[in-house]
Structures are given as structure tokens and as C-alpha cells.
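Let's take a walk through this one together. Keep the sequence and the model side by side as you read.

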Amino acid sequence: GLANHSSLSGAVSAQLLALQTTKKTTEMRHTTFTALGLAALWMAGTCQAQVDYTDVKAGTVLTGKGIRIGAFIKPVPLPPGEWLVLARHDSRLPIADGDGSFDSTAQVTFTLKSSNTGNPIYALLVSFAPDSIPVDWNGRFCDTTDQVFSISYGPEKYSGTNACASGQWSPRGLRAFLHKAPTHSNATVRSDYAALAPYAAQAPEPFVAIQLNARRDKGRNVDYLAYASAPAHFKRGDAFDKQTQEWTKNSAQAVIDMLNNTATTMPAFPDAEGMAPTTESH
């Protein structure tokens, strides 16, 4: 059967357009990241080398060791550092054209914020199917609309293990967007980003948003959306662009390796500080 996978890829362009254009509201459609009560954000979390996804909740601190999803299964990888869980949402993905034995599968989503001063990645949204199921993942898997770069890894057709990644830059707008997220007219915006509102002043500007979607047919899927610091001046083909694309490529391979159940880690995101100014910006 086909899993009607509402991945983050279809939403990234809409999110960035909403951040870049203050007078325009863009509908965002993707897996929701339900915001938990703000009081939960202040819960004391225990930092562990690796935490099982069933135990992860608001206040948990995760590390670059990843998120454990079962015995003898490689963990869902995370970038280096410590990550405070701000929100968790458990949902079900519908299965189309199934054999009748099941009509949905579990989907877990987390809103994470870096706990490390100086980490270029400010926030990370992670969504994955913890169960390996005999389906072919379906949906808008690789969206290239309005992206600065878009890269596919593995077979282009929906088969085997593959990934798609893309990125977009913006000079400003993330802080204002997060400040207004709890009262935004769009329910998806409220559920996704309200938990980040108390930390809006820490959001990077300029910033880069990187989406990464990976899946293995007859297996699992993993989606990421990272918001990270960008240089004050940047353009396509400059050092930061090249390093960001290299990070994205290596991270995509790490997730592909995880889906193939081999040991893997994500690299550190490139540091925007100290990048030489350029004469052209986007």
C-alpha cells in the first residue's frame, strides 16, 4: 500500500515565503508539530547519551547520539550538540490501498531547540515513522519551488532508499514570525512554532532553512527542517553556500545509512561567523 505521507517538503517554501513577506499570509500544509503548554518548556530534562523515542517529552534533552527507536535499530541521527525538546506530537499516517490488515501507521514529531551557545542551528523540527511497515511512501517528496538549491540522493522513482534536500535563505523575518506564532490565524503555524515563541529573540537573522526528507520503501521515513544562522552577506556559489550544501549532502547520507540500519552520524553545521562579505546577496 501507499502511505499518504504529508512530509515537510511541501511546506518549506510556504513557510519561507511567509517569513520573507510580512504583508502576505501563506497557507502551510505539512505534518503538525503540536505545541505543548508553555509551562512544560521549563521542565528539567535529563541529558542522556541516547533516549528512546517513547520516553521523549517536552523538557527532555537529546544529544547528537540520536533518538533510539528500538533494539538492533540504528537511532534517528541528530546534529552534534544538545537539543531541548520543546514539543512532541504523536499522530497516525493513513495507508492507502492496503490489504485491510492495517490502515495507518504511527508518526512522531518533535520541535527541538539547540541548548548550546554558538551552535549555528537554532531550531530543528524532526518527524519520523518509528515502525517499519510494508508500504511504499508516497506524496510530494522533492519540492524544488523557490529553493536556492535542491538535491536528490538515490533513485528518483519511489523505490528503495532515497532522500531529497533543499534550502532557502532569508535576511530577516524569523524573529517576528515566532513572536506572533502563538496567536497566528493559521492553526498549523500555532501548533508548529508556538513552543519556540519564548526563544524568538534568539532566532538567527539572516537565516537559512534546510529541509531533508528521507525514506525507505517497506521501511521508515524521516523528515527534518533546520533553521540556522547565515552570513550577513551571501550569494549562490560562495563559501557558505558550498559548505551548506556539503553539510546537507553528508546529513542526507547519514539518514540514508540509518534507514539502511548502518552506523552513522550527522556532521556539524558550518559556522556563518567569519565568512567573507560578498558583493551580491539574495
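A residue is called buried here if its relative accessible area is under 20%, exposed if over 50%, and partly exposed in between, using a 1.4 Å probe and protein chains only. Before we use that, a word on where things come from. This is a predicted model, where local features need pLDDT of at least 70, side-chain atom pairs count only at pLDDT 80 or more, and totals for chains, interfaces and linings use all residues. Residues are numbered from 1 along each chain as its sequence is written, and side-chain values use heavy atoms, with hydrogens and water left out.

Start with Trp169, which is buried because its relative accessible area is 6%. To place residues like this one, we use DSSP runs numbered from the N terminus: helices are H or I runs of at least four residues, and strands are E runs of at least two. Now for the rings. Rings of Phe, Tyr and Trp (its six-membered ring) pair if their centres lie within 6.5 Å; planes under 30 degrees apart count as stacked, over 60 as edge-to-face, and the rest as tilted. Searching the whole structure turns up eight aromatic pairs. In one of them, Trp169 meets Phe240 edge-to-face, with 6.5 Å between centres and 70° between planes. This pair links distant parts of the chain, since Trp169 sits in strand 10 (residues 161-170) and Phe240 in helix 4, 71 residues apart. Phe240 also counts as buried, because its relative accessibility is 2%. Another pair, Phe207 with Tyr227, is tilted, at 6.2 Å centre to centre and 50° between the planes. Phe207 belongs to strand 11 (residues 207-216) and Tyr227 to strand 12 (residues 221-229), so this pair ties together parts 20 residues apart in sequence. Phe207 and Tyr227 are both buried. Back at Trp169, ring pairs join Trp169, Phe240, Trp247 and Phe269 into a cluster.

Next, follow helix 4 itself. Helix 4 covers residues 239-259, 21 in number, and reaches 30 Å from first C-alpha to last, close to the 30 Å expected at 1.5 Å a residue (that is, 1.5 Å times one less than the number of residues). At its N-terminal end, Asp238 acts as a cap, with a side-chain oxygen 3.3 Å from the backbone nitrogen of Phe240. Just after the helix, Asn261 takes a positive phi of about 65°. Within helix 4 you'll also find Ser251, which counts as buried because its relative accessibility is 0%. Beyond neighbours within four places in sequence, Ser251 is in contact (heavy atoms within 4.5 Å) with Leu212, Met266 and Pro267.

Which strand holds Trp137? Trp137 lies in strand 8 (residues 136-138), and it is buried, because its relative accessible area is 1%. Its C-alpha is 7.2 Å from that of Arg215, 78 residues away along the chain. A polar atom of the Trp137 side chain lies 3.2 Å from the backbone oxygen of Arg216, and the Trp137 side chain also reaches the backbone oxygen of Arg220 at 3.4 Å. Polar contacts like these are pairs of N or O atoms within 3.5 Å; within protein, one must be able to donate a hydrogen and the other to accept it, and residues adjacent in sequence count only if both atoms are side-chain atoms.
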